[in-house]
Amino acid sequence: MKRFKASQKFLLMALLGSFSAGSLTSCASQETEQETVATATTTNSMNITKEPFGTTPDGQEVSLYTLTNKHGVTAKITDYGGIVTSLVTPDREGDMGDVVLGFDTLKDYYPNDPYFGGIVGRFANRIAKGKFTLDGQEYTLATNNGPNHLHGGNIGFDKKVWQVEELPGQNALKLTYVSKDGEEGYPGNLTSTVIYTLTEDNELKIDYEATTDKATPVNLTNHSYFNLSAGESKDILSHLVQINADKYTPVSEELIPTGELAAVEGTPMDLREPQPVGQDIGQVPGGYDHNYVLNGGQEDMTLAATVYDPKTGRFMEVYTTQPGIQFYTGNFLDGTLTGKNGEKYTKHYGLALETQHFPDSPNQEQFPSVILRPGETYKQSTIYKFSTKEDNK
């Protein structure tokens, strides 16, 4: 994997910035669709570039946007699914590396990718049997995970082309998608907006909003898989994870919550102190794929989780206004997917920390409500913040 110092990259950016926009022509990203001859163009924000990323099977043109901050941290985001295709951050030596899983080309993102980096909706996670009852009416959703509904159905939000608006001066992208009444079985026309902001504090901030004209469940999240070693380690079992949760939601064999809020204490689910992912994963049937009930979560921004890679010193903090977070350890990755730079994504190659409401909430009255009604606005925010440490202190 090609590496370079953050300071070297920032110096190069500064030199390029000294030329006028009219005289600067940027080369196409190596991560652009291989069949597309692309030339990146500088947009109205000097920190954002846009380039072609290919065409969907139904003929829609897709673009790739790159956000860059003053430290040389970059986030690449495509309007196809709002996918974060790349997130480059420095390690403790200042060497830059890509810490999210993904693909080099658009065509690899369909039809069978495991939601790498996408905006998941209309409802993230599972709904049992693909059915729920709302205001006395039963709704039937697509069942795409055995007998259950997962991550919005057959063609969820991560497989839609979103409209993109650049936000001048904010180093941010605003993505909008209108989900029509009846899409994947859901009621109501739902308008969703997601704003990605790359801050100068090395944060990728994600702000979500949604409105509807008919009552409907809403539960949006980002499904990035992280490997903070940037590929130096072929699994995340040595990553130290901490989750700020005294309870979690136990699940059935089909990964549907039983309805119980169980204490983590005395179980392999207890991650209240940082510990290697691999320490207790063997005691968790199938690996970690569970929703944690965050302490103090919902509405107020809360430190939900941290991840530390001892090998590179990268440290990630996850803050959210959501009541839960799904911890998933890439249990279903099996080496059949070839990702960026020819990497084979094998079991546990990456981990996901999906901020969310609880799975199957439309069928679990005791869980926090996920029902959005006309006149209301769904809002939530999540921050992934990156830094480095010498050790886990």
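What is the strand order in the open sheet of nine strands? The order is β12-β13-β14-β15-β28-β24-β23-β18-β21, and the pairing is antiparallel.

Hello everyone, and thanks for coming. Before we walk along that sheet, a word on what we are looking at. This is a predicted model, in which local features need pLDDT of at least 70 and side-chain atom pairs count only at pLDDT 80 or more, while totals for chains, interfaces and linings use all residues. Residues are numbered from 1 along each chain as its sequence is written, and side-chain values use heavy atoms, with hydrogens and water left out.

Now the sheet. Strands here are DSSP runs of E with at least two residues, and helices are runs of H or I with at least four, numbered from the N terminus. Two strands pair if DSSP finds at least two bridges between them. At the edges sit β12 (163-167) and β21 (275-276), each pairing on one side only. Please find β15 and β28 on your screens: β15 covers residues 203-212, β28 covers residues 378-388, and eight bridges join these antiparallel strands. One example is I206, whose bridge partner in β28 is T382.

Let's stay with I206 for a moment, since I206 is one of the residues in contact with N222. N222 itself belongs to strand β17 (residues 221-222). Is N222 buried or exposed? N222 is buried, at 2% relative accessible area; buried means under 20%, exposed means over 50%, and partly exposed is in between, using a 1.4 Å probe and protein chains only. Contact means heavy atoms within 4.5 Å. Leaving aside neighbours within four places in sequence, N222 touches V84, G117, G118, Y196, I206, Y208, E354 and Y384. With Y196 there is also a polar contact between the two side chains, at 3.1 Å. That term stands for a pair of N or O atoms within 3.5 Å; within protein, one must be able to donate a hydrogen and the other to accept it, and residues adjacent in sequence count only if both atoms are side-chain atoms.

On to charges. How many salt bridges does the count come to? The count is 10, where a salt bridge is a side-chain nitrogen of Lys or Arg within 4 Å of a carboxyl oxygen of Asp or Glu. Take R373 and D135, whose side chains meet at 2.9 Å, N to O. R373 is in the loop between β27 (371-372) and β28, and D135 is in the loop between β9 (131-134) and β10 (137-140), so this pair ties together parts that are 238 residues apart in sequence. R373 is partly exposed at 33%, whereas D135 is exposed at 57%.

Our two paired strands come back here, too. K379 and E209 form a salt bridge at 3.9 Å, N to O. K379 is in strand β28 and E209 in strand β15, 170 residues apart. K379 is exposed, with a relative accessible area of 58%, and E209 is partly exposed at 35%.

My last charged pair is D246 and R272, at 3.5 Å, N to O. D246 sits in the loop between β18 (240-243) and β19 (247-249), and R272 in the loop between β20 (262-263) and β21, so parts 26 residues apart in sequence are tied together. D246, D270 and R272 form one network through salt bridges that share partners.

Finally, the aromatic rings. Searching the whole structure gives 19 aromatic pairs. Rings of Phe, Tyr and Trp (its six-membered ring) pair if their centres lie within 6.5 Å; planes under 30 degrees apart count as stacked, over 60 as edge-to-face and the rest as tilted. Y80 and Y110 have ring centres 6.0 Å apart and planes at 70°, so they are edge-to-face. Y80 is buried at 6%, while Y110 is partly exposed at 22%. F157 and Y177 are also edge-to-face, because their centres are 5.3 Å apart and their planes are at 65°. Both F157 and Y177 are buried.

There is a cluster as well: ring pairs link F103, Y109, F116, Y225, Y328, F332, Y345 and Y349. And to finish, have a look at K389. K389 lies over the face of Y308, 5.1 Å from the ring centre, and over the face of F315, at 4.2 Å. For a charge to sit over a ring, NZ of Lys or CZ of Arg must be within 6 Å of the ring centre and within 35 degrees of the ring normal.

Thanks for listening!
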